[in-house]
Amino acid sequence: MIRDILGLIDCHNSPELGPLTANRPLASTSFLGRYAFMDFCLSNFSNSEISNVAVLVKDHQRSIMKHLGNNTAWLRNTKTGFQQILYNERGILNPPYNHDINNIRENDWVLYSSNASILVFLDPHIVTTIDLRPIIKEHIDRHETFTLVYNECDRADKTFLNENVLQVDESGYLTSCEKNDGKNKKAKVSLGIWILNRTTLADIIKRYSHTFPQYGLKQMLPSLLKSSYFKVHAVEHKGYARCFDSMQSYIDNSFELLEPKYFNQLFNPDWPIYTLTHDTPPALYDKDSEVSSSFIANGCLIQGKVRHSILSRDVKVGPRSVIEDSIILSNGSIGNEVKIKHALVDKYCVITTRQKVVGTKEEPAFLKQGAVL
């Protein structure tokens, strides 16, 4: 376990996914039937032996706390680590100033009382599996002040559009950092993974928080780079990485993982992805059910047909119902002879007999949480 490292899950940089994140932050939004997005950050920290973790919450604190519970699901021995939720109450009342820098200023023990010498930031809307230990070791061995992780993306004109595009010199240092404008298909895109010394962040806040009062660290970085305040070391991550920055990207990236080629890139038996467990039975399939190319979570009861779809926990599908190319979140109740195609159905929805919820691949249908048809 690395004792002098503090892992920070930065929810301030996560985009909204339309009505899907109206009542919850992206970090605690359901993904692939049984995970929340923040589970990948927590698992990367845990597998990298980082047990001191804090979550920088932008809004919807209730949903984050519900997923983490009293933290015993992730941490049982407070002598070897801790987990905390960092919340900026002033920011809720003043949204333009509700960013990670001001959150840390409100919770300034991170800077002045923490035993951590190095801070590691992860953005929950960028899903990847990454061993942080060799990157941290390189950061320490090279005596760097700020290290950033990037990915060589060959679809930068269509994805990572809200992230920073980087130019890196032969020595591995950033020469420019600008928001992706989608003009180039291939680009080095930031993965929202930053490793910086605690004293460096304290100095940034002291020097520049008044100059850029509406900027979080992500927005401030290009200006800091231009000012030559410090060098930013860039490290390439060559593994699977996807950015979830819209409803369409949520659907497309989820369905991509139905293909073994991509699933095996993200999920590795030697790098487990942990999540909150539920006391629910395995999925039950009726003798007349048909299921193909789908994720079916525990607690589901399948009596109809499910094709190329993702069903979260405790979804009930009635006889002669057909679900295709759709995502059904937890505790959904699908009656008899229902047709659902190209749809995203939020939690606790009830769809009664012979109803149709049909969209298109370009414009999926959406049912908000708790809807009844």
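A cavity, in the sense used here, is a set of grid points where a 1.4 Å probe fits but cannot get out, and its lining residues have an atom within 4 Å of one of these points. In this predicted model, the second largest cavity is lined by Phe40, Cys41, Asn44, Leu122, Asp123, Ile126, Val127, Thr128, Leu191 and Ile193. Two or more of the lining residues come from each of helix 1 (38-47), strand 7 (126-128) and strand 11 (187-197). The lining of this second largest cavity comprises 7 nonpolar, 2 polar and 1 charged residues, and the space inside has a volume of about 60 Å³.

A search of the whole structure finds 2 cavities of 30 Å³ or more. The largest cavity has a volume of about 70 Å³, and its lining is made up of Cys11, Ser14, Pro15, Glu16, Pro25, Leu26, Ala27, Lys58 and Asp59. By residue class, this lining divides into 5 nonpolar, 1 polar and 3 charged residues.

Cys11 lines the largest cavity and Cys41 the second largest, which leads to the matter of cysteine pairing. The closest cysteine sulfur to that of cysteine 41 belongs to cysteine 11, and because the two sulfur atoms are 8.0 Å apart, they are too far from each other for a bond; a disulfide would need them to be within 2.5 Å. Cysteine 41 is also buried, its relative accessible area being 3%. The count for the structure comes to 0 disulfides. Cysteine 153 likewise takes part in no disulfide, with the nearest cysteine sulfur, that of cysteine 243, lying 9.2 Å away, and cysteine 153 is buried at 9% relative accessibility.

The model contains 16 salt bridges. In one of them, the side chains of aspartate 141 and lysine 137 meet at 2.7 Å, N to O, and both residues belong to helix 6 (residues 133-141), where they are 4 residues apart, about one turn of the helix. Aspartate 141 is partly exposed, with a relative accessible area of 47%, whereas lysine 137 counts as exposed at 52%.

Another salt bridge joins glutamate 152 to lysine 188, with the closest N and O atoms 3.1 Å apart. This pair links distant parts of the chain, since glutamate 152 is in strand 8 (residues 146-153) and lysine 188 in strand 11, 36 residues apart. Glutamate 152 is partly exposed at 40% relative accessibility, and lysine 188 is partly exposed at 24%.

A further salt bridge is formed by lysine 341 and glutamate 324, at 3.8 Å from N to O. Lysine 341 is located in strand 24 (residues 339-341) and glutamate 324 in strand 21 (residues 322-324), so this contact ties together parts that are 17 residues apart in sequence. Lysine 341 counts as partly exposed at 23% relative accessibility, while glutamate 324, at 18%, counts as buried. Salt bridges with shared partners join Arg307, Glu324, Asp325 and Lys341 into one network.

Among the strands, 5 form an open sheet with parallel pairing, in the order 14-17-20-23-26. Strand 14 (284-285) and strand 26 (350-351) each have a single partner strand and stand at the edges, so one side of each is left without a neighbour in the sheet. Within this order, strand 20 (residues 316-317) and strand 23 (residues 333-334) run parallel and are joined by 2 bridges; the bridge partner of valine 317 in strand 23 is isoleucine 334.

Definitions and conventions: Residues numbered from 1 in each chain as written. Predicted model: local features only at pLDDT ≥ 70, side-chain atom pairs only at ≥ 80, totals over all residues. Heavy atoms only, no water. Buried < 20%, exposed > 50% of the residue type's maximum accessible area, 1.4 Å probe, protein only. 1 Å grid on protein atoms, 1.4 Å probe; cavity = no way out; pocket = protein on both sides within 12 Å on 5 of 7 lines; lining within 4 Å. Points joined across faces, edges and corners; volume = space filled by probe spheres on them. Nonpolar A, V, L, I, M, F, W, Y, C, P; charged D, E, K, R; others polar. Pairing = 2+ DSSP bridges. Salt bridge = Lys/Arg side-chain N within 4 Å of Asp/Glu carboxyl O.
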